[in-house]
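Here are some notes to help you find your way around this structure. Please keep the 3D view open as you read through the points.

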Amino acid sequence: MTAPYGQQPPSYPPPEYPETPAWTSAPPQEPVRKVEERAHPLTPLVRGWFAVVAVAWAMLQEWLQGRTDGTDRLPWWVFVAVIGGVAALGLIAGFISWRFTRFIADETELRVESGWISHRSRRISYTRLQSVDVMQPLAARLLGLAEVRIDAGAHDSTKLRYLSRRRAYELRDFLMLRAHGAQVSVDVARARTADPLFADLGGSDRVIVTVPPHELLLGAFVSHDLLSLIIGFAVPVAAVWGVAAYFGHDAAAAIPVVALAGGVPLLFSIAQYFTRRVMAQFNFTLAETQAGLRITRGLTNLTSQTVPVRRIQSIRLSQPLFWRPLRRYRVDLEVLGLGEATHNESTSKVSTLLLPIGTKKQVDAALAAVWPGLRLDAIQYVRSPRHAVVFDPLSYSWNSFGVDDNVVVTRRGWLTRHQSIVPHARLQSVAAYQGPLERLLGLANVTFHTTGLLHTHAVIHMNADLARTLVYDEADRAMTSRDGELLR
Amino acid sequence: MAGIFSPPADRWIKLSPKYAVVRVVGAIIANTLFWVPVSLLWAWVFEPRGGAMSGLTSTLPFAAQLQWLAAYVGIVWFIWRVYRAGRYARSWAYAERGQDLCITRGLWYKNLTVVPYGRLQIAKVDAGPLDRLLGLATVTLVTASAHSNASIPGLPAAEAERLRDRLIEVGDTLGSGL
C-alpha cells in the first residue's frame with residue numbers, strides 16, 4: 001500500500017468477527033470518512049515561547065551590565081533583530097512540526113502521523129492503553145492549550161501537543177473510556193466532558209483525597225531532602241571556619257562573613273525548595289472518574305494524570321524517618337510506562353505519586369479507590385527470626401511479610417520504611433537468594449518481580465525454610481489468583 | 001537438611017556437562033586478558049633496579065618478591081576462578097513443577113527463580129560461537145518484568161529448542177496477561 005502521505009488511506013471493510021462488532025451502528029457498506037485532526041494552530045507560539053524568553057533574558061542582562069559599566073552598549077535594533085530572529089526560527093520550526101502532525105481518534109483506531117523529513121505513523125491499540133495524561137505548562141495554559149500524553153507499553157509515550165484544553169480533556173476521556181472496554185462513540189465522550197479551568201473535575205467525578213498546601217509544607221519541612229540540603233551547606237562552611245580558626249584567625253569576627261556567605265544562598269535554596277515542591281503538588285487531588293483514577297496537581301503547570309485501575313501493578317507506602325511521629329505516609333503506584341519511582345517531588349512531569357503526603361485515613365481512602373477488596377489491616381505479618389538482627393539492627397523490627405488471598409505485602413527499609421502491596425495476579429516471577437553468611441544463620445531473601453520499577457518488593461533475612469514455602473506458594477497463587485475480588 | 005534449594009519436584013535437571021567447558025574457557029580468557037597486563041604493569045612499576053619507582057622500591061625489604069607480587073596473586077586467582085567456573089556451571093539446574101519452571105544457580109550466593117508459565121511472553125534460544133562449537137544453546141524466559149532474569153544456559157541445542165516450544169505452548173494455554 002503506497003498511498004502518498006497525507007491522503008486518506010483506502011478504507012477496507014471491517015474484518016469478520018464472530019461477535020457483533022461495535023461499529024455495526026454505522027452501516028458497513030458506506031465507506032467511513034476518516035476525520036483527521038491537527039493540533040491547535042497556536043501550537044508554534046507555545047513551542048517557540050521558551051527560546052524567545054531565554055534570549056530576551058540573556059540580552060537584557062547584557063544590556064544592564066553595559067549600562068552600569070559605562071561601556072558602549074549595543075544599539076536597540078540589534079536586540080530587536082536577534083530576538084525577532086530567534087522568534088521567527090522558533091515559529092517556523094514549530095509551524096513545520098505542526099503542519100506535518102495529524103491524528104485520528106475515532107471508533108476504530110487511534111493513529112498519529114508526524115514528521116517532515118522522515119514520516120512516522122503510530123497506531124495504538126485501545127485495549128493496550130496504560131494511561132493518558134493532560135499536561136498544561138504555563139505558556140500553554142495562558143493560551144488555553146494542553147498536551148495529551150498517551151502511554152501504551154513500556155515504550156516512550158506518544159505526545160499530542162498542543163490541543164485546545166477542551167479538546168484535550170475530550171480526547172482523554174474518550175481514550176480512557178475505550179481503554180476500559182466501553183464501546184463509546186466520539187460524540188458520547190464529547191457530551192460527557194466538562195471543561196474546568198483549575199481542577200479538571202466533571203460532575204460525576206468523586207473526589208477521594210485533596211492535599212492542602214499546609215500538609216505539603218509540613219511534608220517538605222520534615223523531609224530528608226531538606227536535612228541533606230542544610231547539611232550540604234553547613235559542612236563546608238563549618239570546615240572553612242574551623243580551618244580559619246585553627247590558623248589563628250579571629251573566629252568571632254568571621255561570623256558575619258560566614259553568615260552572609262553561607263546563610264544567604266542556603267536561605268535562597270530552601271525557599272526555592274519549598275516553592276517548587278508546593279507549586280508542583282499544589283491542590284493535589286485524587287478523584288475517581290468513570291475513566292479511572294485521576295490525579296490533578298500544580299499551580300502554574302497543571303498536570304492531570306489518569307490511570308485505569310486495572311493497569312496498576314503494585315502500590316508502595318513509604319514513611320521517611322521524620323514522618324513517623326506525624327503518622328504521615330506517601331503512596332506510589334506502579335503502572336507500566338511510568339518508569340522508575342519518582343524521587344523529585346517538585347517535578348510537574350508525570351509521576352508515580354498516588355498521594356504525596358497523607359494521614360492513615362487518607363491513605364486508606366486512596367487504597368480503597370484503587371482496590372476496594374483490599375483488607376490491609378486484617379493481614380498478619382510474619383517477622384524475621386530473632387537472630388536476623390545481626391544483619392539489620394535498625395530495621396529488624398520492621399522487616400516482615402504478610403499474605404492473604406489477594407495480595408502479598410512486604411515491609412523493609414530503615415531510614416524510609418517501605419511497605420509494598422503486590423496482588424498475586426500481577427506477579428511475574430518470584431526469586432529467592434541466599435549468601436554464605438545467611439546460609440550459616442538459616443536465613444534467606446525473597447524477591448517478587450512485577451512489571452514496574454519500584455525495586456522494593458522483597459522480604460529480607462527471613463527464615464530459610466519459610467522462604468522456600470513462600471516462593472512456591474506464591475508461584476501457585478500467581479497462577480490461580482484473579483484480581484476480580486480485589487477490584488470489586 | 002531439607003534446604004531451600006533442594007529440588008521442587010523429584011530432582012533437578014542438570015545442564016550438559018559440556019557447559020562447564022564453556023565457563024572454564026570463558027574464565028581462562030577473561031582472567032588472562034585482565035591479569036597479564038596488570039602483572040606486567042605492576043612488575044614495571046616495582047622494578048627494583050631502574051624501574052619507575054626504583055628510588056622507593058629498592059629500599060624496601062623483599063624488593064625482588066614485590067616485583068612479581070601481582071603475578072603471584074594473579075596466578076592464584078586464575079586457578080581459583082577456573083576451578084570455580086566449572087563448579088558454577090554444574091550448580092546450574094532447572095526443574096518443571098506443576099505450572100511453573102524453577103531455575104537454580106550459584107555456589108556461595110545461591111539463587112532460585114520461579115516463573116509461572118502463564119507469565120511467559122517470549123522464550124528465546126541463543127547460542128554463542130563456543131556454544132555452537134559444542135552444540136549447546138541458552139533458553140531465556142522473558143516475562144513482562146525486567147527483573148525476572150530467568151535463563152537456562154548449556155542445554156543441548158535440540159533440547160533447548162524442544163524446551164522453548166514446550167514453554168510457549170504451555171504458556172499459551174495458561175496465559176493470563178497484565
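1. A word on terms before we begin: domain bounds here come from an automatic or database domain assignment. Please also keep in mind that this is a predicted model.

2. With that in hand, look at chain B, which splits into domain 1 (18-88) and domain 2 (93-174). Taken over C-alpha atoms, the centres of domain 1 of chain B and domain 2 of chain B are separated by 36 Å. The two do touch: eight residues of domain 1 of chain B are in contact with seven residues of domain 2 of chain B.

3. Which helices supply the side of domain 1 of chain B that touches domain 2 of chain B? Helices α1 (18-45) and α4 (69-91) of chain B each supply at least two of its residues. The most comes from α1(B), which gives five residues to that side. By character, the residues on this side of domain 1 of chain B comprise five nonpolar, three charged and no polar ones.

4. Next, turn to a sheet built from both chains. It is an open sheet of seven strands with antiparallel pairing, and its order is β21(A)-β20(A)-β19(A)-β4(B)-β3(B)-β2(B)-β1(B). At the edges stand β21 (458-463) of chain A and β1 (13-14) of chain B; each has a single partner strand, so one side of each is left without a neighbour in the sheet.

5. Staying at the chain B edge, β1(B) pairs with strand β2 (residues 93-97) of chain B in the antiparallel sense, over two bridges. Here B:Ile13 stands opposite B:Tyr94 in β2(B).

6. Chain A is worth a tour of its own. You will find 12 helices and 21 strands in chain A, and 36% of its 488 residues count as buried. Among contacts in chain A with a separation of 6 or more, 58% are between residues 24 or more positions apart.

7. Now for the interior. The largest nonpolar core has 82 residues, and those with the most contacts inside it are A:Leu355, A:Ala432, A:Val446, A:Ala467 and A:Val471. Helix α11 (residues 464-480) of chain A provides the largest share of this core, with six residues. Apart from this core lies another, of 30 residues, including A:Trp49, A:Leu163, A:Leu175 and A:Met176.

8. Finally, which residues does A:Val471 contact, leaving aside its neighbours within four places in sequence? In chain A they are A:Val430, A:Ala432 and A:Val446, and A:Val471 is also in contact with B:Leu112 and B:Val114.

Definitions and conventions:
Residues are numbered from 1 along each chain as its sequence is written. Chains are lettered from A and ligands numbered from 1 in the order in which they are written. This is a predicted model: local features need pLDDT of at least 70, side-chain atom pairs count only at pLDDT 80 or more; totals for chains, interfaces and linings use all residues. Two strands pair if DSSP finds at least two bridges between them. Helices (H or I, at least four residues) and strands (E, at least two) are DSSP runs, numbered from the N terminus. A nonpolar core is a set of buried Ala, Val, Leu, Ile, Met, Phe, Trp, Tyr and Cys residues joined through C-beta atoms within 7 Å. A residue is buried if 20 or more other C-beta atoms lie within 10 Å of its own, exposed if 12 or fewer, and partly exposed in between; C-beta atoms are placed from the backbone. Ala, Val, Leu, Ile, Met, Phe, Trp, Tyr, Cys and Pro count as nonpolar, Asp, Glu, Lys and Arg as charged, and the others, Gly among them, as polar.
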